[in-house]
Amino acid sequence: MYKLIKKDAGTKARLGCLKTPHGEIQTPIFMPVGTQASVKSVHPAELLDLQAQIILSNTYHLFIRPGMEVMQKMGGLHQFMQWDHPILTDSGGYQVFSLAKLRKITDQGVKFQSHIDGSPLFLGPKEAMEIQHGLGSDIVMCFDECPGWDAPRREVEAAVDRTVSWAKVCGDHLASLSGGPTADQLLFGIVQGAGHADLRQQCAEQLVELDFPGYAIGGVSVGESEPEMMAAVEMAEPFLPEDKPRYAMGLGQPNQLVEMVRRGVDMFDCVLPTRVARNGAAYTRGGLINLRSAAYQFDDNPIDPAGTCYACQNFSRAYIRHLLKSGEILGLRL
């Protein structure tokens, strides 16, 4: 499944290859986020042109809409979105965290209300596995509880206990399912523990005993500072096996990617590339620039002078600023 190819002599950086049912992934890898079966404003052929090897979709959102009846009749997520390459689906655990005002957590799972129409819903480890099995993703995430960074220690301890307990249920239940659109799905455990080193270690060691194909470091980028974020990764990484991929969930600032690779992390995802674009900004080799700024009104340079993409090869900052200011969809795509 995962082959460690090379390690850096001066850092914990690694090169590896992860085999999935829909192809191999060369790591380190950044995964574009297609929350609702679409990377916003980017179609699959463009993702391939960008050399995207794997994308991420969201269990909670797809369960809410279009729903599993549609997904089943359409032949699963790959067929539905016309992406014949690896897909990772998260478990819905983060949405449970972000929907704190609409939820009630028990040892069996989480009762919550739909963010669309307020209807009552329940999501637990078995339900998360059944949904992801029906979606047919290549990499399936265990259902976990993501505590707030500043949650009292007793709440973090309870979240770690539930996360480990639910991981056991996830492993057993996924193994019992059959007939989905993708065989041999890879199940990853998720390390929680907020900013407590001993709880991060405890969670990691207990999950490793379950021998998952890969491990994620969760509960980061949930309100803590960047140094605290890096520290959380450092708390967990030493206790994760070297021969399995490590995934830092929800991290994707360019500088963070470099620092996480240095710390031995292999996989990343983040909504930032498309989110900043939808707000008129772009990442360049010179840093983040806001193309809505008046400073670019007469700028005939491309977004990034060293860029090789279609937008940089053909259009000026002035033109793209005009599209953004005019509300033209092409501006977001470029």
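The following questions and answers concern a predicted model of a protein.

User: How many helices and strands does the protein have?

Analyst: The secondary structure of this predicted model contains both kinds of element. The protein has 14 helices and 16 strands.

User: What radius of gyration does the protein have, and what would a compact globule have?

Analyst: The C-alpha trace spans about 60 × 50 × 40 Å along its principal axes. For 334 residues, a compact globule would have a radius of gyration near 20 Å. The protein agrees with this, at 20 Å.

User: Which residues of strand β8 are buried, and how do its side chains alternate?

Analyst: Strand β8 covers residues 110–113, and its side chains alternate between two faces. K111 and Q113 point to one face and are not buried. On the other face lie the buried residues, V110 and F112.

User: Which residues stand opposite F112 in the strands that pair with β8?

Analyst: Strand β7 (residues 103–105) is joined to β8 by 3 bridges and runs antiparallel to it. Strand β9 (residues 120–123) also pairs with β8 in the antiparallel sense, over 4 bridges. F112 has R103 opposite it, and in β9 it stands opposite L121.

User: Which turn residues in the two hairpins of β8 have a positive phi?

Analyst: The hairpin of β7 and β8 has 4 residues between the strands, and the phi of G109 in its turn is about 155 degrees. The hairpin of β8 and β9 has 6 residues between the strands, and the turn residue with a phi of about 80 degrees is G118. The residues asked for are therefore G109 and G118.

User: Is M81 buried or exposed, and what is its relative accessible area?

Analyst: M81 is found in helix α4, residues 77–81. A residue counts as buried under 20% relative accessible area. M81 is therefore buried, with a relative accessible area of 11%.

User: Which residues does M81 contact, leaving aside its neighbours within four places in sequence?

Analyst: M81 and H43 are 38 residues apart along the chain, and their C-alpha atoms are separated by 9.5 Å. With neighbours within four places in sequence left aside, the contacts of M81 are A37, S38, P44, I55, S57 and I87.

User: What share of contacts between residues at least 6 apart in sequence joins residues at least 24 apart?

Analyst: Buried residues make up 50% of the 334 residues in the protein. Among the contacts between residues at least 6 apart in sequence, the share joining residues at least 24 apart is 62%.

Terms used: Residues numbered from 1 in each chain as written. Predicted model: local features only at pLDDT ≥ 70, side-chain atom pairs only at ≥ 80, totals over all residues. Heavy atoms only, no water. Rg over C-alpha atoms; globule rule 2.2 N^0.38 Å. Buried < 20%, exposed > 50% of the residue type's maximum accessible area, 1.4 Å probe, protein only. Contact = heavy atoms within 4.5 Å. Pairing = 2+ DSSP bridges.
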